[in-house]
Amino acid sequence: MTTYKIYIPRDSSALSLGADKVFKAIKVEAANRKIELEIIRNGSRGLFWLETMVEVETDQGRVAYGPINPSDIPSMFDREFFLGKEHSLSLGITSEIEWLKNQERLTYARVGITDPVSLNDYEAHDGFKGLRKALKLTNQEIVDEVTDSGLRGRGGAAFPTGIKWQTVLNAPSEKKYIVCNADEGDSGTFSDRMIMENDPFVLIEGMIIAGLAVGADQGYIYLRSEYPHAQAILNEAIDIAEKNGFLGKNILNSKFSFKLEVTRAAGAYICGEETSLLESLEGKRGLVRYKPPLPAIEGLYGKPTVVNNVISLATIPIILDKGSKFYADFGMGRSKGTLPIQLAGNLKQTGLIEKAFGITLRELLYDFGGGSATGKNIKAVQVGGPLGAFLPEHQFDTPLDYEKFSEINAVVGHGGIVAFDDSIDMSKLARYSFEFCAIESCGKCTPCRIGSTRGMEVIDKIKDGIDQEKNVEVLKDLGETMVHGSLCAMGGMTPFPVISALNFFPKDFGLEKSET
Amino acid sequence: MLTDNKLLKIEEHLTVLKDKPGALLPIMHAIQDDLGYIPEESYEPISKALSLSVAEIHGFVTFYHHFRTKPSGKHILQICRAESCQSMGSENIESYCKEKLGIDYHQTTEDNSITLEPVYCLGNCACSPAVMIDDEVIGRVTEDKIDELIQEAKKNDNL
Ligand SMILES: Cc1cc2nc3c(=O)[nH]c(=O)nc-3n(C[C@H](O)[C@H](O)[C@H](O)COP(=O)(O)O)c2cc1C
Ligand code: SF4
Ligand code: FES
């Protein structure tokens, strides 16, 4: 009897649309029809408007069907989808789907293709090649490779990863740490989650290489508490890696040892800020620390510590495997390599796109995103999470590039793009930015703690038509005070979304004159 | 007052975790996962085990949104209030849930079934609006879907 190979994703966004129900329905139907299936729970390819997307292995490669609901299953069996045959929900050969074909998947090379917790799958798709190469290099050679790749931190601040590693390597200490920032607090972002759920070994490999490079033997993944699926998958993968000699003592029979552990966060946005994160890992309240000292010099328990975002670390293996030049050849200007872009909000086609820097917002919103989900005009987008500016239509031709964005007072940040259609009231979003800051402030600085509440009141007054001219001035002054009087970007950047909303959409605030 | 059994459980978690670096965070998770909340009666034994003041422990618990000092309902329904979900109508979902359950955020229904909480992004922004019930994330939520979730949750309560 022939066995047919079927793929059904286990990514939590796919599950949120019913992937488990589809899985069960296919199993039951196959049993009833006495058809032998080998079902693999792969990761998601990141085409979320097509989830649950089911794939079948054929001689021509994998073919896809989607979006599948349990009610579609009987007709799919009638049409013999397990042979790759046509159905009204056929999407053709998966790798030929435009959305995927037009990407440059480096960090995400395996995502959606492999079984996330299969070590065999991982190694068959170039897994642990970077580590094997790194084990033959000196510490300095590894760090040089990372520096030369031009990789900049993907967590938000875009600091060169190689320079951070060099600082930790140079810091004399018996004990050093690698901390992975998996707090992914920015709304509109899910790329960290997708790596952890869909290719956990690549993060583990990146952390091992980081430890090897700087001389650290302990790693922690500080994981946001809202990600229980990621937690389970990471723990499973760490366990498998340990049992197979990739973690623990004498990794791959080398002299190098490295231990890795997942620590669950507790729902505080500020704990994504690296020093607050370290306080939290130490079992304290997440109050932001003064810098200097940098965490690279005095980090966790006062020891030199690499704190890197999930994507930064997960990009290390391919850099070590293919070489720094290979990676640096992607991108533009000082923004080298690729960025996992997350299209979210009011768009027809949302999901994950890994692309070399340089693509414009317009291309992303219309060519990939297909325009708004509601069919109305896209009024604004917010890029880079809750502290990122709102960009109006006339800025949609800005290419994704750290410097180009900063020229227009915007940030690329963690690569999340949230689109809003023209039914949105931008003054409400501005008010929400302050509200979020008030809820999440760690409380250390007055402008952030008190100013955020003040900000909501001022916006209310402007909207109620009370002393508008004066209150607009108050709002701008407050913004200035927060930008200059805050210890971290929570208070320091909250004015960016607020002031951009005010400048570009004054009508939404009940103001006549448009400044755009 | 806490039952002896609950105090015993707290002691057990302390024995297992107290020597870990940064022990307070995993200890609090263990207690809340086990008992559903962090009873104030736990502060005393924790303070002894970790040589921390009760005030420090109180400060810690109140800093983190995830930790609760009162029992919740049997299920926790979290509604995402963040920007991507706002762009897809989460405000309507929020008001629908509040009205349907007859409670506001941080409150529990009279039958002790559901506690309503806000959340700021579930990493499901490609499928906004999103909610989470217990450990399950639900995407592209509609009012009908909410009805279904609540019904499902209450059905299981009565088993
Ligand atoms: C308020 C605030 C929240 C942050 N949240 C995150 C986060 O959730 N994830 C993250 O990787 N970095 C976050 N950062 C950035 C970190 O402080 C830090 O720059 C980053 O972890 C460094 O890693 P990278 O160089 O690999 O980006 C946040 C910063 C601030 C100010
Ligand atoms: S700006 Fe806000 S969050 Fe940042 S340290 Fe100051 S009070 Fe804390
Ligand atoms: S903004 Fe709601 S899930 Fe991310």
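Here are some short exercises with worked solutions on a predicted model that has a chain A, a chain B and a ligand 1.

**Exercise 1. Explore the surroundings of ligand 1 in chain A: which residues come nearest, and what classes make up the shell?**

Step 1. Start with the neighbours. There are 19 residues around ligand 1, and A:Gly155, A:Asn181, A:Asn308, A:Asn309 and A:Ser312 come nearest.

Step 2. Sort the shell by class. You should find 5 nonpolar, 8 polar and 6 charged residues.

Step 3. Look for the element that gives the largest share. Strand E9 of chain A, residues 305-309, supplies 3 residues of the shell.

**Exercise 2. Find polar partners for the oxygen atoms of ligand 1, and work out how much of the ligand the protein buries.**

Step 1. Begin with a side chain. In A:Lys164, a side-chain N or O atom is 3.0 Å from an oxygen atom of ligand 1.

Step 2. Now turn to the backbone. A:Asn309 places a backbone N or O atom 2.8 Å from an oxygen atom of the ligand. For A:Glu184, the distance from a backbone N or O atom to a ligand oxygen is 3.2 Å.

Step 3. Finish with the area. Ligand 1 exposes 610 Å² when taken alone, and the protein buries 91% of that.

**Exercise 3. Describe the contact between chain A and chain B: how many residues does each chain give, and how much area is buried?**

Step 1. Count the residues on each side. Chain A brings 59 residues to the contact, and chain B brings 37 residues.

Step 2. Turn to area. The two chains bury about 3,700 Å² between them, with 56% of it on carbon and sulfur atoms. On the chain A side, A:Arg264, A:Ala266 and A:Tyr432 lose the most area to chain B, together 17% of what that side buries.

Step 3. Check the polar links. Between the chains there are 4 salt bridges. One salt bridge pairs the side chains of A:Glu261 and B:Lys20, at 2.7 Å from N to O. The count of residue pairs in polar contact between the two chains is 22, with both residues at pLDDT 80 or more.

Step 4. Ask which parts of chain A take part. Several elements each supply at least two residues to the side that touches chain B, including strand E7 (218-223), helix H11 (228-243), strand E8 (259-264) and helix H17 (426-440). H17(A) gives the most, with 7 residues. By class, this side of chain A has 29 nonpolar, 18 polar and 12 charged residues.

**Exercise 4. Trace chain B: how many helices and strands does it have, and in what pattern?**

Step 1. Count the elements. Chain B has 7 helices and 4 strands.

Step 2. Follow the sequence. The pattern reads α-α-α-α-β-α-α-β-β-β-α.

Step 3. Frame the chain. Along the principal axes, the C-alpha atoms of chain B fill a box of roughly 50 × 35 × 25 Å.

**Exercise 5. Locate the cis peptide bonds at A:Pro67 and B:Pro129, then the positive phi of A:Asp126.**

Step 1. In chain A, a cis peptide bond joins A:Gly66 to A:Pro67, with omega about -10 degrees. A:Pro67 sits in the loop between strand E4 (61-65) and helix H3 (73-78).

Step 2. In chain B, B:Ser128 and B:Pro129 are joined by a cis peptide bond with omega about -5 degrees. You will find B:Pro129 in the loop between strand E2 (114-119) and strand E3 (131-133).

Step 3. Return to chain A. A:Asp126 is not a glycine, yet its phi is positive, about 75 degrees. This residue lies in the loop between helix H5 (119-124) and helix H6 (129-134).

Methods:
Residues are numbered from 1 along each chain as its sequence is written. Chains are lettered from A and ligands numbered from 1 in the order in which they are written. This is a predicted model: local features need pLDDT of at least 70, side-chain atom pairs count only at pLDDT 80 or more; totals for chains, interfaces and linings use all residues. Side-chain values use heavy atoms; hydrogens and water are left out. A residue is near a molecule or strand if one of its heavy atoms lies within 4 Å of it. A polar contact is a pair of N or O atoms within 3.5 Å; within protein, one must be able to donate a hydrogen and the other to accept it, and residues adjacent in sequence count only if both atoms are side-chain atoms. Accessible areas come from the Shrake-Rupley method with a 1.4 Å probe; for residues, only the protein chains shown count as cover. Ala, Val, Leu, Ile, Met, Phe, Trp, Tyr, Cys and Pro count as nonpolar, Asp, Glu, Lys and Arg as charged, and the others, Gly among them, as polar. Contact means heavy atoms within 4.5 Å. Buried area is the accessible area (1.4 Å probe) that two parts lose on being put together, summed over both.
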